[in-house]
Amino acid sequence: MSEAGQDILIGIDAGTSVIKAVAFDLAGRQLAVAALPNRYASGADGAVTQELARTWQDCARTLRDLAGKVEHLARRTAAVAVTGQGDGTWLVGRDDAPVGDAWLWLDARASSTVRHLRAGPGERTRFERTGTGLNPCQQGPQLATMAAIAPELLSHAETALHCKDWLYLNLTGVRATDPSEASFSFGDFRTRRYDDAVLESLGLTKQRHLLPPIVDGTEVTHGLTAEAAAATGLLAGTPVCLGFVDMVMTALGAGVHTGDPAAACSIVGSTGVHMRAVEAGGVHLNDEGTGYVILLPVPGMVTQVQTNMAATLNIDWALRLAGDLMAEVGGAPSHAELVGRIEGWMAASRPGSLLYHPYISEAGERGPFVDGNARAGFIGLNSGHRFPDLLRAVVEGLGMATRDCYAAMGAMPGELRLSGGAARSPALRGVLSAAVGAPTRLCAREEAGAAGAAMMAAVSIGAYADMNACIAAWVTPLLGPAEAPDQNLADLYGRTFPAYVDARRALVPVWDRMAHERQSRP
């Protein structure tokens with residue numbers, strides 16, 4: 001339990017685009033936020049990497065900046081919790097030094113490895129143990145790829161971590177990972193432990209020594225080291241909680257599990273994450289072998305997850321297209337100004353007049369199907385279409401992708417809870433609601449990922465008896481009123497969805513030919 005005067009929990013959320021440190025009181029009220037943009041590099045071969053040392057430096061700076069916003073932060077902090085972007089590979093070696101730059105979840109170099117592994121004899125067993133389909137984002141295929149093309153990295157590595165694990169190491173001096181990433185990467189979601197059959201199917205039996213111990217942050221914390229205290233401005237010995245992966249932390253903070261079995265949660269950010277909370281024995285494993293099963297920090301509960309690689313990245317592309325054209329004729333609107341026009345453009349367009357597949361990422365798609373060659377495109381253009389129609393098609397493409405993902409997990413949700421900056425748009429909420437045919441409910445929690453991690457810390461220090469009690473105080477009161485779908489729009493999207501699926505299946509050989517052409521260029 002926290003000592004007298006310790007009334008603050010800090011949640012660190014090291015996402016793909018931003019690193020944030022957020023202060024909450026013990027009742028879950030958000031007090032202050034400090035943030036820095038994240039930085040990563042892209043290569044022509046599909047590489048997307050991030051410097052480990054800089055990531056820790058940026059994290060430490062956010063904590064120092066947070067102290068400038070909250071009076072007496074250090075002595076008032078009862079615990080710190082850390083979560084971060086999922087998948088990827090962050091290698092450390094002797095004396096906890098980085099071994100090269102991290103391979104991020106956006107990295108596409110493991111695409112051919114995934115195709116090979118998915119055709120292997122142990123793939124179905126691996127999928128049934130982990131509940132998770134293989135894709136190039138994951139540490140398993142990335143380690144297998146490193147073994148083939150960069151064996152020197154693994155020869156110098158002692159431990160393979162994820163982003164949050166790297167930050168936890170710098171905060172506490174402890175090499176560890178959490179049950180969620182351990183089980184969906186290399187384990188069994190039923191036992192919450194590593195599984196030898198999974199490692200064998202990935203061809204990584206010899207790399208078993210790289211996997212760190214598994215620590216459940218609701219039960220175990222480690223103290224902030226003196227070195228980390230000097231870097232962050234916090235007090236040495238402050239309890240540090242290793243949170244679960246950011247997807248499930250955000251979903252926890254946004255209401256994926258409040259006791260309503262019909263509710264689901266979608267996070268509309270750079271990527272699209274679609275989740276429903278189920279008991280471990282009630283998981284629906286699809287025939288295609290895709291999706292994730294990610295543990296919740298609640299005994300016996302997991303989230304079933306499908307993630308489409310790019311969500312708001314598609315909208316950003318469309319807005320950049322408009323901005324570039326406007327700049328050519330003398331205007332130079334900011335991103336915020338373009339975002340402010342979205343509602344008007346949506347109102348000026350006709351629903352369902354175009355199909356758009358939102359596979360804008362160079363890494364292809366990973367949910368509800370896995371194809372590194374998948375690419376975005378419009379279907380149905382004619383000379384009467386204008387930019388508002390293109391923008392609406394992009395937004396509707398996100399709605400179709402959301403429905404596609406939930407269809408791979410079973411029935412459509414009875415209620416869709418939304419988080420992420422784009423969910424603030426009434427037009428986007430309307431499209432998502434109609435696409436899945438369910439009411440939407442917006443979570444008023446501004447920093448749901450950091451809140452989810454802080455909730456784990458709250459349980460770990462005994463501020464709440466268990467996670468369900470914490471959810472009742474931190475989450476349920478922040479869920480907004482239900483917004484019913486427009487029935488006409490829902491009927492239209494219901495008629496359109498089969499064409500969306502038929503088209504993306506038919507485009508597979510086209511994507512493959514285009515990929516072959518790209519790869520054959522000098």
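The expected span of a helix is 1.5 Å times one less than its number of residues, and that yardstick serves for the first stop on this tour of a predicted model.

**Stop 1: helix α12.** Select residues 312–328, the 17 residues of α12, which reach 24 Å from the first C-alpha to the last, close to the 24 Å expected at 1.5 Å a residue. Colour Thr-312, Asn-314, Ile-315, Ala-318, Leu-319, Ala-322 and Gly-323 next, since these residues of α12 are buried. To see what they pack against, show β14 (263–268), α13 (335–339), α14 (342–347), β18 (355–357) and α15 (387–407). Following the chain beyond α12 brings you to Gly-330, whose phi is positive, near 110°.

**Stop 2: Ser-266.** Move now to strand β14, where Ser-266 has its place. Ser-266 is buried, with a relative accessible area of 1%, and its side chain makes polar contacts with two other side chains, that of His-274 at 2.8 Å and that of Tyr-406 at 3.0 Å. If you display the residues in contact with Ser-266, leaving aside neighbours within four places in sequence, you will find Val-273, His-274, Thr-402, Tyr-406, Leu-416, Arg-417, Leu-418 and Ser-419.

**Stop 3: strand β1.** Select residues 8–14. Seven of the seven residues of β1 are buried, so the strand is largely enclosed by the rest of the structure. With side chains shown, Ile-8, Ile-10, Ile-12 and Ala-14 point one way from β1, whereas Leu-9, Gly-11 and Asp-13 point the other way. Add β6 (residues 77–84), which runs parallel to β1 and is joined to it by seven bridges; here Gly-11 stands opposite Ala-81. Then add β2, which is also joined to β1 by seven bridges but runs antiparallel to it, with Ile-10 opposite Ala-23. β1 and β2 form a hairpin, with three residues between the strands.

**Stop 4: the nonpolar cores.** Which residues touch the most other members of the largest nonpolar core? Among its 53 residues, they are Leu-9, Met-467 and Trp-474, while α17 gives the most to this core, with 10 residues. Centre the view on Leu-9 and, not counting residues up to four places away in sequence, look for its contacts, which include Val-22, Phe-24, Ala-78, Ala-454, Ile-461 and Trp-474. A second, separate core of 46 residues includes Leu-319, Val-395, Leu-398 and Leu-418, so selecting Leu-319 takes you back to a buried residue of α12.

**Stop 5: helix α18.** Select residues 467–474 and highlight Met-467, Cys-470, Ile-471 and Trp-474, which are the buried positions to inspect in α18. They cover an arc of only 105° around the axis, which puts them on the same side of the helix. The buried residues of α18 pack against β1, β2 (18–25), α11 (246–254) and α17 (448–460). At the start of α18, zoom in on Asp-466, where a side-chain oxygen reaches to within 3.3 Å of the backbone nitrogen of Asn-468.

**Stop 6: an open sheet.** Finish with the three strands in the order β4-β5-β8, which pair in the antiparallel sense. β4 (41–42) and β8 (102–103) stand at the edges, each with a single partner strand, so one side of each is left without a neighbour in the sheet. Two bridges link β4 and β5 (residues 48–50), and the bridge partner of Ala-41 in β5 is Thr-49.

Terms used: Residues numbered from 1 in each chain as written. Predicted model: local features only at pLDDT ≥ 70, side-chain atom pairs only at ≥ 80, totals over all residues. Heavy atoms only, no water. Buried < 20%, exposed > 50% of the residue type's maximum accessible area, 1.4 Å probe, protein only. Helix = DSSP H or I, 4+ residues; strand = E, 2+ residues; numbered from the N terminus. Arc of directions from axis to C-beta. Contact = heavy atoms within 4.5 Å. Polar contact = N/O pair within 3.5 Å; in protein donor to acceptor, adjacent residues only side chain to side chain. Core = buried A, V, L, I, M, F, W, Y, C linked by side-chain atoms within 4.5 Å. Pairing = 2+ DSSP bridges.
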